[in-house]
Structure formats: C-alpha cells, structure tokens
Amino acid sequence: MTTAIDSPHRPARRVSRFFDARPRWRLAGLLTGPALWLVVLYFGSLMALFLTSLYRLNDDATRITEQMGTSNYHELLTTSVYRDIVVRTIGVAVLVTVIDIVLALPIAFFIAKIARPRLRTVLITAVLVPLWGSYLVKAFAWRAILGSPGGVLDKTFGSSPGYGLPAVVIVLAYLWLPYMIVPIYAGLDRLPDSLLEASNDLGAGFWLTFRTVVIPILFPAIVAGSVFTFSLSMGDYIAVALVGGPTQMIGSVVYANFASNLPFAAAFATVPVLVMVFYLLGIRRTGALENL
Amino acid sequence: MRTRRIATGCGLAVALLLSACGSSSGGGGASAPTALGKAEGSLKIIAWAGYAEDGSTDPAYNWVSNFEKDSGCQVDVKIGNTSDEMYQLMQTGEYDGVSASGDASVRLIDAGLVAPVNTSLVPHYADISAFLKDQAYNTSGGKNYGIPHGWGANYLMYNTDVVSPAPDSWGVVFDKASPYKGKVTAYDAPIYIADAALYLKTAKPELGITDSYSLTQAQFDAAVALLKDQRTVVGEYWSNYAVSQSAFEQGSIVLGTTWQVIANLAQANDAKVATVLPKEGATGWSDTWMVSSKAKHPNCMYMWMDYITSPEVQAQVAYYFGEAPANPNACALIADDPTHCDVFKATDADFYKGISFWATPRKKCLNGSGDNCVPFSEWIKAWTAIKG
C-alpha cells in the first residue's frame, strides 16, 4: 500500500502537481462549476424568458410564432388592466414589507436583548419551524382560517375579512415574517448592549435611543429582510390563488398565461424582474448593501 | 397543479428555456401503429380530476391499481385543471397521453402533439356510442386521434340552505344585483366566456348568437360585458376542483358553475348542495383519450385506453365523476345507481347534440358562418381583463 501512495505516477498526484504549478488553472478548476451554473442556468433562463417574451401567440392560440417583435410589451404598456395589476402587486409588496418590519422589530428585540439564553433558543426555533412546513399547506390552512362564512375566524369572533386583497396581505405577511425576523435578530445580536446603556446614561429615552442608535445600526438588516419580503410578495401566485378571491396579481396572471399564452406570460414576468432591479439599485444608493 | 405549484421558479425557467429552444414541432406526420408490442412498464398521463383514481382521494374508488396489476404499467397521473394547462403540459412531450376535451384536442391535433390512433388495437372501441365517433374533436382528415371517454354538461351548483328559490337559469350567476353577492363562483379559464355567450343566446336573442364558440366582435363584447358585471358578485373563481369543493363545503360560495364530481365529493362530506341543468342548456365536455406523438410508452397507453373504456371501468368512472360513459355497456353495471345512464342521458344522441361542447374558437368560425369570429387568443386576453 505504502508504495502505491508514494508513487509519483499515481494519477491524483499528477493532477495536484499540474495544478500546483499553474495557479490560473487552479482558479479555473475552482470556478468553472459555479460559473457555469450562474451563466447557463441563471442568466440562461433569464435570457430564455426574455427571448420567449418576444415571440407571439398566433390568433387561434394553437402555435407560438417565432417572428420576433415587441407586440407583447406594447400590449402590456397600453392596456390599463395590466397597469392596475402591476400597481396592485407593488402595493401589496410594500404593505407586506412594512407590516413585517413593524412586527419583526419588537419580536427580534425581545429575542435578542430581553429573553434569557434558553428561551432565546426556543423562540428562534419557534420562528424558524414554520419554514419547514410546505408553503402550500400553510396557505391552504389560511383558507380554512379566513373563510367567510365557515372559517375559523368567523366561527370564533363572528367576523373575518374573507377572501380578497386584505387576506392576501395578511397571509403573505405571515408567510414571510421569519425572513424579516432572522436578519433583524442577527443585526440586534451584533449590537453591543453597552451602546444601549451608554445612550441611556446620557439621558436618552427609549424612543430617542431607538431612533438614533438602534435603527441606524439595524438599517442594513432591515433592508436585507425587505429584499426577501418584497421580492417574494412580488412573485407570489399561490397565496393569491387560495385566499385572494377574484384578485389578480402579477404572479397569477403569469401563471394563468403560462398555460394559455406563454410569450405574454414571459413578457409580464419581466416586470417583477425590472421592479426588483430598480429596488436593488435604490437600496445600493442608500449604502445598505455595503454593510450587510 | 399540486406538484407544479411547489416547483415554481425553476420549473417556469426550464419550461421557458425548452419552449424558446425548440418550439416548432411539425404537425401530422406521425402514423398509427399497426400492432402492439410489450408493455413498457410505466405510463405517464394527464387527466381531469376523477378520471384516473388510485384510491388516494377515496379508497372506495380505485381503478388504476387493477390496471397496474394487469398490465404491469405503473401509472403516473398528472391532474390538469383546465384545457389550457393540459395543452401546455402536452407541449413538454413528457406525457404518453391525455384525456382531452374538445378545446384542447383540436389544438393538439393541429400542432402535431398527438398521434393518430389505430382503433382496431383498442377492442372496446367497437362498443362506444356511435354518436361519439368520428367527431370534429377526435377525428381529422379521416384519421381517428383518440378514444372517447365520456361526456357531460357543466352544471349549476347551489347551496340548498341559502339559495332560494332553487335556480333554473344561468341568469342568477350573471345578475350584478344578485342577493348572493360575493358568494358566486365561475370557472377560471377563458373558455368560460362561452358560458356567458350561451346564456345571452336565449337572454338577448337580438345578438343573434348561434354557437357559443363562434362569436362576432359584437357578440363577444356583449359576453365580456356580462362577465365584467358578474365579476362584481364573484367571491372566487375556481380552476382547482378541490378549492371549489372546499368553498362550497364551508359556505363561502353558494352558487356557480361546477362539474358533477365536485358536487358528489361535497355531498359526500355532508355539504348541502345540489346541481341543476339550467333551462338555457349548458356548455360541456366530450373527452377523448389521446396518444402523444412523442409517447415513450405507447403500448401502455393503448392498454390504458382499452382498459378505461371497458364496461366495468367505465361504470366506475362515470358514476364517480358524474358523467355519461362513452361505452353504454357500462350502464347495466352501475350498481350504486341503476338510473345513472338515464339521469345523464348517456344514450340520447339528441340530448348530446344539444350540449355546447368545449371547442377552441377560431378566426374561421367553427359553425361555418364566416371568417370574422373572435379567435381564442382574444378570449385569453379578455379573460384577464374581465377579472381586472
């Protein structure tokens, strides 16, 4: 055995020698896989999305004609119903993000700064456990909760928002809350207690400390959380199908047209991509991304 | 839908990639086999909910397991919620066959996605009701493209506790001053525009609608306007049968179009619902099992088509789904309800002709009235605009 390992002709040896002498090859070997993944699968699918959006469905909806053109985008920009749907979707995403920030701040603060270590572990687990359940099951559960009449809320309290836009906001805010709590908790965890005490010693009350010490330090964490809640809400089509009643969002129109008019679905799907690009560019200007 | 929903993003990306890279498949070149070989061991089919039950919905209804035992073909069933979904799934080339309604079957034939079927390799084809054979939705250019499965109408379902008097017209679902505002449902697919057209045929004879799928622009606009009125009273649109069933069971929906199978499932859970065939008539479906032109398991698919049209299995499917079996020999075997075939008028060719069967609207009017009909691509766009 020992002779085999020491042998200079052993293939593995030769390979490592080859790379040892050539740092550029080493780098290439390391990055080829991830780069292929990124370029082929990630950008490739985005390109396919964009290319598909330039095709057109023929009149009788039997075939996709491969003459390139911008008719889908033209339709997207000139039809008022699509504009309404885009505005509605962005509105929902903003509302869900704000609600999640408001809910996550006190919860994360309690977990990070007030709870004892053992309780902290329990609470963090409690926040994360719902993520292990299927999204579909949770959305379906909300169907049973919000139904009006006959839902759990209705039976217990005698009223319920029923299915519709408010229900979509409630369910999405519930679904994405952990994605907001975790970054804020991590941010607070890094915030030294001494800063809070110093602020207190200098005579600042709770709100002043919160505004001038906690929020500036937490800002990057909140932004990180908002990227999740905002983008996930922008693309949702399941929650809206289950609890949205007749409400349409970008995701539901894409989903419906995915089966019937694929090029148009692709064109509409570029809208949330663009919105997210602008969102991220806006965030970059605040400098929050550098502090993540 | 169940699995598709979970495979959201990457599924969409991959499908788009596929369609962008190779979406031109020529039509009609395939030919029917002359003899069957050995079973391939597995079968992937797209079916309407309730067409291929393996006991997972209700242990009492299981005809897939017997097929698997007899044929040695493991069956993988994908539920299609709408004809558009089925058409899209067939484009992937992943499936061996589909239970296609008329609004998918003609498109499938035209696009070359399904192969001609040699009916002599399906012995039970001989028993099938004559009026189902050689129809526009299953035959093209003298070639048969499938085996009829069964047919029926889209019914009006209502909550018997809440809706009074019992409705006998589709008017109740289109009334924008409906007392059931917010508790009305409608089928979530562009083809539902035909239901509005069907109602207008009798409600507004001055529009001159003769066929729900051959609409001039003016007739189409009237149907769309009616549906926009309906939108104000709709609590929820449905395309997933389980969602519709749960809405009727808990009472958040009390009125709207349905499939008989949904009513049966809801009634089995003690929901107070009933169905009626309104006086204006109804839209409906006449389904055909078709073989994909790219089928990897064509022998298993032929065995399935013969199995599903055998009297014993037809009896189970027809009773479970609530439809007329294509094979009338099944009628005597429906022990749970000996009157089943009378109720669904399974052998009544005149009744059959009265149903407005799902078909894909085209520019060249389906009823031969001209070249100025609103094509299906416009129906798709209008449907998004109707929902707003």
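## Exercises on a two-chain predicted model

The C-alpha centres of domain 1 of chain B and domain 2 of chain B lie 26 Å apart, with domain bounds taken from an automatic or database domain assignment. This is a predicted model, in which local features need pLDDT of at least 70 and side-chain atom pairs count only at pLDDT 80 or more, while totals for chains, interfaces and linings use all residues. Residues are numbered from 1 along each chain as its sequence is written, and chains are lettered from A and ligands numbered from 1 in the order in which they are written.

**Exercise 1. Describe how domain 1 of chain B touches domain 2 of chain B.**

Step 1. Begin with the bounds: in chain B, domain 1 covers 37-152 + 284-346 and domain 2 covers 155-281 + 360-387.

Step 2. Count the residues in contact (C-beta atoms, placed from the backbone, within 7 Å): domain 1 of chain B gives 14 residues and domain 2 of chain B gives ten residues.

Step 3. Find the elements on the domain 1 side: helix 4 (83-91), helix 5 (102-110) and helix 12 (311-321) of chain B give two or more residues, and helix 5 of chain B has the largest share, with three residues. Helices (H or I, at least four residues) and strands (E, at least two) are DSSP runs, numbered from the N terminus.

Step 4. Sort that side by class, which yields four nonpolar, six polar and four charged residues. Here Ala, Val, Leu, Ile, Met, Phe, Trp, Tyr, Cys and Pro count as nonpolar, Asp, Glu, Lys and Arg as charged, and the others, Gly among them, as polar.

**Exercise 2. Describe the side of chain A that touches chain B.**

Step 1. Take the totals: 39 residues of chain A are in contact with 39 residues of chain B.

Step 2. Locate the contributors on chain A, where at least two residues each come from helix 3 (23-54), helix 5 (80-114), helix 7 (135-146), helix 12 (238-243), helix 13 (250-260) and helix 14 (262-286). Helix 3 of chain A gives the most, namely six residues.

Step 3. Divide this side of chain A by class, and the result is 19 nonpolar, 14 polar and six charged residues.

**Exercise 3. Work out how helix 9 of chain A packs against helix 11 of chain A.**

Step 1. Compare the axes, which are lines fitted to C-alpha atoms, for helices over the stretch in contact, with angles running from 0 to 180 degrees between N-to-C directions. Those of helix 9 (residues 165-190) and helix 11 (residues 206-235) of chain A come within 8 Å and cross at roughly 160°.

Step 2. Because of this angle, helix 9 of chain A is roughly antiparallel to helix 11 of chain A (angles under 35 degrees count as roughly parallel, over 145 as roughly antiparallel, 65 to 115 as roughly perpendicular and the rest as oblique).

Step 3. Inspect the residues: the contact includes A:Trp176, A:Tyr179 and A:Pro183 of helix 9 of chain A, and A:Ala221, A:Gly225 and A:Phe228 of helix 11 of chain A. Its residues comprise 15 nonpolar, four polar and no charged.

**Exercise 4. Compare the domain assignment of chain A with its UniProt record.**

Step 1. The assignment gives domain 1 (2-54) and domain 2 (78-291) of chain A, whose C-alpha centres lie 38 Å apart.

Step 2. An unreviewed UniProt entry places "domain: ABC transmembrane type-1" at residues 86-281 of chain A; its positions are given in the numbering used here, feature names are shortened, and annotations may be inferred rather than shown by experiment.

Step 3. Over residues 86-281, chain A is 82% helix and 0% strand.

Terms used: Contact = placed C-beta atoms within 7 Å.
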